[in-house]
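Here is a friendly tour of one protein model, written for someone meeting such pictures early in their studies. Keep the sequence and the 3D view open while you read.

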Amino acid sequence: MGCCHGPGYRWWQWRSGFERVTENMKKYIVTGGAGFIGSALVRTLLQQADSEVEVIDNLLTGYEHNLEEVRDRVQLHRLDIRDGAALAPVIRGADTVFHLAAIPSVPRSIDNPVPSHEINIDGTFNVFRAAEQGGVRRVVYAASSSAYGDSETLPKVESMAPRPKSPYAVQKLVGEQYASVFHSCFGLETVALRFFNVYGPRQDPTSAYSGVLSLFMKHLLARTAPTIFGDGEQSRDFTYVEDVADLCVKASRAEGVAGKMYNAGNGGRFTLKFVWDVLQKMEGVEIAPHFGPPRSGDVRHSMADTRLAVAELGHSPRFTIEEGLTRTLAWYRTQTIKTQPA
Ligand code: UD1
């Protein structure tokens, strides 16, 4: 067993093939780490030498194959965050918990609000509670730009009053308020990041509740028409997943930011029509979209003011929309079989 006795390891620190703990390593937990954003964050964390990464995921909307090529470096706990008792021993002693587990989607929270309420609010409480009780240094929480609702002013600044328009927006807002209160009442370091329409490789296009860009990719490659809800002039601050993962890591390290909330966006906005046009050009096709009625709970325009995150977290998004779409499309092209309609 000579391989097990390298510098820094002790025989009793080998608890299983996966659980290798050394004195200098930090344990990072990513809830929702098998999801598309969570798995990107896992990859980013693994690039750091001092990282031991553990994932908590119930595989409801995440997939083990999202972690494919890093699977042997990550311990996956198949747990539901509604189960606070099961969470506690996994979270105990972590340096940072990145809490990304959630049931996403505005329309899903309208069609079926109970599971998203339970996971996004009760589950989130359980994560903060387990972190606080378990001596965790900091929790970085994935909040949502949906909290702003339809405020007329753009870009959306952290100081604006929230105006949630859907159960999902309320749930994510409650989570960030819990983050703030766990800091003020219990001394847990928390940072909430309002994610703005994240897109990129591994976003699941197989559900009616999937993010719009994953659905656009699926239709583009299958040469079928996407449905645009409304006139297609609604706009989003589409943010590439690696930029969000980088910001999560920065938020876990920045000084003097505990208890605060920041926008995690790119600082631009693009209409659905524009993005569909760009994608058609990239693929060299012309496919007219179908148009349907606007979706209930939909926000009209969304764009982040990134100044606070730039100043206090060192946010520096690297990917323009063209670069992000190019990379994303390249990934979906490798997944042709999975994205073809049945
Ligand atoms: C919202 C949040 C986002 C959050 C996400 C989680 C806002 C501004 N953004 O995204 O921060 O991460 O929920 O789910 O609230 N659409 C179509 N055709 C489709 C699918 C969607 O036209 O097939 C339209 C929607 O009506 C919407 C836009 O595309 O106008 C974006 O929808 P979606 O990708 O679901 O995200 P949001 O609801 O904007």
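Which residue in strand 11 does V191 stand opposite? The residue is K260. Before following that pair any further, please note that this is a predicted model.

## The sheet

V191 and K260 face each other where strand 6 (residues 189-195) and strand 11 pair in the parallel sense, over 5 bridges. As a reminder, strands of a sheet pair through backbone hydrogen bonds, either parallel or antiparallel.

The whole sheet is open and has 7 strands, in the order 3-2-1-4-5-6-11, with parallel pairing. Why is one side of strand 3 and of strand 11 left without a neighbour in the sheet? Strand 3 (74-78) and strand 11 (260-264) stand at the edges and have a single partner strand each, so on one side of each there is no neighbouring strand in the sheet. From one strand to the next, the twist averages 20 degrees.

Helix 4 (residues 113-133) packs on this sheet, touching strand 1 (26-31), strand 4 (96-99), strand 5 (138-144) and strand 6. The direction of helix 4 makes about 165 degrees with that of strand 5.

Now look at how covered some strands are. In strand 6, 6 of the 7 residues are buried, so strand 6 is largely enclosed by the rest of the structure. Strand 11 is mostly covered, with 4 of its 5 residues buried.

## Strand 5 and its surroundings

On to strand 5, which pairs with strand 6 in the parallel sense over 7 bridges. Here Y141 stands opposite A192 in strand 6.

V139 is also found in strand 5. Is V139 buried or exposed? Its relative accessibility is 0%, so V139 counts as buried. Leaving aside neighbours within four places in sequence, V139 is in contact with several residues, including V97, H99, F128, A131 and V191. V139 also shows how a chain folds back on itself in space: V139 and I29 are 110 residues apart in sequence, with 9.4 Å between their C-alpha atoms.

## Rings and charges

How many aromatic pairs does the count come to? The count is 14. One of these pairs is formed by F128 and Y141, whose ring centres are 5.8 Å apart and whose planes make 55 degrees, so the pair is tilted. F128 belongs to helix 4 and Y141 to strand 5, so the pair ties together parts that are 13 residues apart in sequence. Both F128 and Y141 are buried.

F128 and Y141 also have company: ring pairs link F125, F128, Y141, Y178, F182 and F186 into a cluster.

A ring can also meet a charge. The charged end of R194 sits over the ring of Y148, at 4.4 Å from the ring's centre.

## Cysteines and unusual backbone spots

A disulfide is a covalent bond between the sulfur atoms of two cysteines. This structure holds 0 disulfides. Two of its cysteines are worth finding in the view: C185 is exposed, while C248 counts as buried.

The backbone has a few spots to look for as well. The peptide bond from L154 to P155 is cis, with omega near -5 degrees. P155 lies in the loop between strand 5 and helix 5 (167-186).

Where does R202 lie? R202 is in the loop between strand 7 (198-199) and helix 6 (212-222). R202 has a positive phi of about 75 degrees although it is not a glycine. R223 has a positive phi too, of about 60 degrees, and is not a glycine. R223 is placed in the loop between helix 6 and strand 8 (227-229).

The table below gathers the accessibility of residues named above.

| Residue | Relative accessibility | Class |
|---|---|---|
| V139 | 0% | buried |
| C248 | 1% | buried |
| R202 | 21% | partly exposed |
| R223 | 43% | partly exposed |
| C185 | 54% | exposed |

Terms used
Residues numbered from 1 in each chain as written. Predicted model: local features only at pLDDT ≥ 70, side-chain atom pairs only at ≥ 80, totals over all residues. Heavy atoms only, no water. Pairing = 2+ DSSP bridges. Helix = DSSP H or I, 4+ residues; strand = E, 2+ residues; numbered from the N terminus. Axes fitted to C-alpha atoms, helices over the stretch in contact; angles between N-to-C directions. Contact = heavy atoms within 4.5 Å. Phe/Tyr/Trp six-rings, centres within 6.5 Å; stacked < 30°, edge-to-face > 60°. Buried < 20%, exposed > 50% of the residue type's maximum accessible area, 1.4 Å probe, protein only. Lys NZ or Arg CZ within 6 Å of the ring centre and 35° of its normal. Disulfide = S-S within 2.5 Å.
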